[in-house]
Amino acid sequence: MSSCPDPAELPGVAGATGRYREWTPPAALQGCFGQLWRSDLPVGHSGEVAVLPDGCVDILWRDGRLYVVGPDVVAAHPQLMPGAQVLGARFQPGAARAWLGVPLGEMVGMAVELDAVLGPQARQMAARLNDVGDGDGDARQRLFAQALAGLPRSTGGRHAVAARVFGQVRAGGHDLAAISSALQVSTRSLRRLCHEQFGYGPKMLERILRLQRFLALARVRPDDGLAGLAADVGYADQSHLSREVRALAGIGAAQLCAQWRS
């Protein structure tokens with residue numbers, strides 16, 4: 001008997017299931033948010049969606065509610081209704097801590113309703129979004145950006161050192177000592193900064209962003225095998241890639257690639 005899961009039983013991967021789009025936020029949001037995004041699931045979809053860790057924090061609207069979704073260390077599996085629309089705003093690296101007023105280490109793996117952070121303003125925003133008819137997703141998309149810009153904490157900038165750390169780790173090829181030296185901070189201070197600004201230490205951030213580099217490369221090089229992708233992304237070998245994908249995404253590298261490239 002084969003040990004490989006039936007592809008039909010695997011959860012759909014967010015960003016590769018249904019229609020997913022990203023766009024640049026309006027100027028009023030760009031100091032804090034890097035992308036706005038929208039996901040529309042197929043009407044025939046049912047069950048879980050696998051949301052892969054990406055080192056980021058999002059504010060999102062789904063099922064009539066607004067949430068702050070903290071950083072993940074493994075794939076999250078929210079249950080979504082067939083045809084569900086999800087709207088999101090992804091914080092710039094280093095911006096979520098100040099905007100939320102909470103160290104991100106306290107939010108790892110959590111989805112917290114936004115009104116627990118902002119109170120009545122968040123409830124009012126959710127009510128306005130819910131008043132838009134289900135058949136007018138474009139109008140809700142526009143209102144989401146406008147309402148987000150009007151929230152009381154929607155201004156402010158990024159933590160400059162945290163943003164640089166994220167950029168260097170995302171680029172790959174930098175170990176912890178090299179990043180500490182380049183930024184003129186101790187490795188201990190760097191670890192503390194990462195836990196506060198990203199929710200976990202630099203080693204976990206490195207693992208997660210390497211997974212994201214793998215996904216990006218797999219999509220732009222659809223004919224490449226896993227061994228070549230592993231080498232170019234920074235894994236020791238294909239076995240290392242397979243272990244990391246299984247640990248972080250919860251499915252095999254081949255199955256993930258097949259969904260991501262479809």
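A residue is called buried here when its relative accessible area is under 20%, and by that cut-off both Phe-91 and Trp-99 of this predicted model are buried.

**Figure 1. The aromatic cluster around Phe-91 and Trp-99 in the predicted model.** Phe-91 and Trp-99, both of them buried, belong together with Phe-33 to one aromatic cluster. A search of the whole structure returns 5 aromatic pairs, and one of these joins Phe-91 to Trp-99 in an edge-to-face arrangement, with 5.4 Å from centre to centre and 65° between the planes.

**Figure 2. Overall view of the protein, given as a setting for the close-ups that follow.** The secondary structure comes to 11 helices and 8 strands. The radius of gyration is 19 Å, close to the 18 Å that the globule rule gives for 262 residues, and the protein is therefore as compact as a globular protein of that length. Taken along the principal axes, the C-alpha atoms fill a box of roughly 50 × 50 × 25 Å, and 47% of the 262 residues count as buried. When contacts with a separation of 6 or more are considered, 69% of them are accounted for by residues 24 or more positions apart.

**Figure 3. The buried face of helix H11 and the elements that cover it.** Helix H11 spans residues 253–261, and within it Ala-253, Leu-256, Cys-257, Gln-259 and Trp-260 are buried. Seen down the axis of H11, these buried residues fall within an arc of 165°, so they line one face of the helix. The cover over the buried residues of H11 includes strand S1 (12–13), together with helix H8 (202–220), helix H9 (226–233) and helix H10 (238–249).

**Figure 4. Cys-257 and its surroundings in helix H11.** Cys-257, which is found in helix H11, has a relative accessibility of 5% and therefore counts as buried. When its neighbours within four places in sequence are left aside, Cys-257 is in contact with Phe-214, Ala-218, Leu-226 and Leu-229. Pro-222 lies 35 residues away from Cys-257 along the chain, and the C-alpha atoms of these two residues are separated by 8.8 Å.

**Figure 5. Cys-32, a buried cysteine without a disulfide partner.** A search of the whole structure finds 0 disulfides. For Cys-32 the reason lies in distance, because the closest cysteine sulfur, that of Cys-56, is 14 Å from the sulfur of Cys-32 and thus too far for a bond, whereas a disulfide requires the two sulfur atoms to be within 2.5 Å. Cys-32 is itself buried, with a relative accessible area of 2%.

**Figure 6. Two arginine side chains placed over aromatic rings.** In one part of this view, the charged end of Arg-62 sits over the ring of Tyr-67, at 4.8 Å from the centre of that ring. In the other part, Arg-219 lies over the face of Trp-260, with 4.0 Å to the ring centre. Trp-260 is also one of the buried residues of helix H11, and helix H8 (202–220) is among the elements that cover the buried residues of H11.

**Figure 7. Asp-63 and Gln-184, two loop residues with positive phi.** Asp-63 is found in the loop between strand S5 (58–62) and strand S6 (65–69), and although Asp-63 is not a glycine, it has a positive phi of about 50°. With a relative accessibility of 46%, Asp-63 counts as partly exposed. Gln-184, for its part, is placed in the loop between helix H6 (176–183) and helix H7 (187–198), where its phi is near 60°, again a positive value in a residue other than glycine. The relative accessible area of Gln-184 is 73%, and Gln-184 is therefore exposed.

**Figure 8. Asp-115 in helix H2.** Asp-115 lies in helix H2, which covers residues 115–118, and at 26% relative accessibility Asp-115 counts as partly exposed. Not counting residues up to four places away in sequence, Asp-115 touches Ala-122 and Arg-123. Gln-259, a buried residue of helix H11, is 144 residues from Asp-115 in sequence, and 35 Å separate the two in space, C-alpha to C-alpha.

Terms used
Residues are numbered from 1 along each chain as its sequence is written. This is a predicted model: local features need pLDDT of at least 70, side-chain atom pairs count only at pLDDT 80 or more; totals for chains, interfaces and linings use all residues. Side-chain values use heavy atoms; hydrogens and water are left out. Buried means under 20% relative accessible area, exposed over 50%, partly exposed in between (1.4 Å probe, protein chains only). Rings of Phe, Tyr and Trp (its six-membered ring) pair if their centres lie within 6.5 Å; planes under 30 degrees apart count as stacked, over 60 as edge-to-face and the rest as tilted. A charge sits over a ring if NZ of Lys or CZ of Arg is within 6 Å of the ring centre and within 35 degrees of the ring normal. Helices (H or I, at least four residues) and strands (E, at least two) are DSSP runs, numbered from the N terminus. The arc is that of the directions from the helix axis to the C-beta atoms. Contact means heavy atoms within 4.5 Å. The radius of gyration is taken over C-alpha atoms; the globule rule is 2.2 Å times the number of residues to the power 0.38.
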